[in-house]
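This briefing sets out the computed features of one protein chain, grouped by topic. Please read it alongside the sequence and the coordinates.

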Amino acid sequence: MRKPSDDEAPRCFQTADALRADLAVIPPTRRRLRAFLCRSGLGEIADMAALLSTELLANAVTHGCSEFPPKTEVTMTATYDGQRLRLAVHDPSDNQPRLGSASEDQEHGRGLLLVASLADRWGVTANAGGTGKSVWLELAYSSSQSEEDL
């Protein structure tokens, strides 16, 4: 692996995207996040982050917004501090997510298992306003990792 140039070195950022609570918004959101991470110097973890963001968004839409009106929104934030990428999806439900135990023939129920096994850390935080929650994950990554891999 080659050392990133100064233009490619990861840049710190914080961004947020409010989204309609609809499964149809997930694929374009995933593509935008991946492209943004690549432009920000985090191309090495962009695919993983995009995959895991899909799981967080799908859980929020499917479980966190199911009892709310159709115009409900979720918010996805992405923050990079030079050491770790943190993705969080905020939804209006107070219901806590649970790690599933899907059988081999079930199509659903593995999203948080995937997050738990691939993210460096993950968790749930109650929203400051008193309703809703944020399900978040972190992926460790620093520019020194790229240099060490040389």
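Leucine 51 counts as partly exposed, because its relative accessibility is 35%, and partly exposed covers values between 20% and 50%. The residue belongs to helix α2, which spans residues 43–64. Together with Met48 and Leu118, Leu51 forms a nonpolar patch on the surface, and the three have about 200 Å² of accessible area together. The model is predicted.

**Overall architecture**

- The chain contains 4 helices and 5 strands, and their order along the sequence is β-α-α-β-β-α-β-β-α.
- Of the 150 residues in the chain, 37% are buried.
- The accessible surface of the chain amounts to about 8700 Å², and carbon and sulfur atoms account for 49% of it.
- Taking the contacts between residues at least 6 apart in sequence, 65% connect residues at least 24 apart.

**Aromatic groups**

- The chain has 2 aromatic pairs.
- In the pair of phenylalanine 13 and phenylalanine 36, the ring centres are 4.8 Å apart and the planes stand at 80 degrees, so the arrangement is edge-to-face; the cut-off for that class is over 60 degrees.
- This pair links distant parts of the chain, since phenylalanine 13 is in strand β1 (residues 13–20) and phenylalanine 36 is in helix α1 (residues 26–39), 23 residues apart.
- Phenylalanine 13 counts as buried because its relative accessibility is 13%, whereas phenylalanine 36, at 23%, counts as partly exposed.
- Tyr80 joins Phe13 and Phe36 in one aromatic cluster.

**Salt bridge between helix α1 and strand β1**

- The whole structure holds 8 salt bridges.
- One of them joins arginine 32 to aspartate 17, with the closest N and O atoms 3.0 Å apart.
- Arginine 32 is in helix α1 and aspartate 17 is in strand β1, so that the bridge links distant parts of the chain, 15 residues apart.
- Both partners are partly exposed: arginine 32 has a relative accessible area of 43%, and aspartate 17 has one of 26%.

**Salt-bridge network and the charge over a ring**

- A network of salt bridges links Asp81, Arg84, Arg86, Arg121 and Glu138.
- Within this group, the side chains of aspartate 81 and arginine 84 form a salt bridge with an N to O distance of 2.5 Å.
- Aspartate 81 counts as partly exposed at 39% relative accessibility, and arginine 84 is also partly exposed, with a relative accessible area of 33%.
- Glutamate 138 and arginine 86 form another salt bridge, in which the closest N and O atoms are 2.8 Å apart.
- That bridge links distant parts of the chain: glutamate 138 is in strand β5 and arginine 86 is in strand β3 (residues 84–91), 52 residues apart.
- Glutamate 138 counts as buried because its relative accessibility is 9%, which is under the 20% cut-off; its partner arginine 86 is partly exposed, with a relative accessible area of 28%.
- Arginine 86 takes part in a further arrangement, lying over the face of tryptophan 136 at 4.1 Å from the ring centre.

**Loop positions**

- Glycine 130 is placed in the loop between β4 (121–126) and β5 (133–140).
- This glycine 130 counts as exposed because its relative accessibility is 55%, over the 50% cut-off.
- Glycine 130 is 36 residues from aspartate 94 in sequence, and the C-alpha to C-alpha distance between the two is 8.9 Å.
- Serine 142 occupies the loop between β5 and α4 (143–148).
- In contrast to the exposed glycine 130, serine 142 counts as buried, at 10% relative accessibility.
- Leaving aside residues up to four places away in sequence, serine 142 touches Tyr80, Gly82 and Gln83.
- Of these contacts of serine 142, Tyr80 is also a member of the aromatic cluster with Phe13 and Phe36.

Conventions. Residues numbered from 1 in each chain as written. Predicted model: local features only at pLDDT ≥ 70, side-chain atom pairs only at ≥ 80, totals over all residues. Heavy atoms only, no water. Helix = DSSP H or I, 4+ residues; strand = E, 2+ residues; numbered from the N terminus. Buried < 20%, exposed > 50% of the residue type's maximum accessible area, 1.4 Å probe, protein only. Contact = heavy atoms within 4.5 Å. Areas by Shrake-Rupley, 256 points an atom, 1.4 Å probe, with all protein chains shown as cover. Phe/Tyr/Trp six-rings, centres within 6.5 Å; stacked < 30°, edge-to-face > 60°. Lys NZ or Arg CZ within 6 Å of the ring centre and 35° of its normal. Patch = residues over 30% accessible without salt bridge, like charges linked within 9 Å, V, L, I, M, F, W, Y side chains within 5 Å. Salt bridge = Lys/Arg side-chain N within 4 Å of Asp/Glu carboxyl O.
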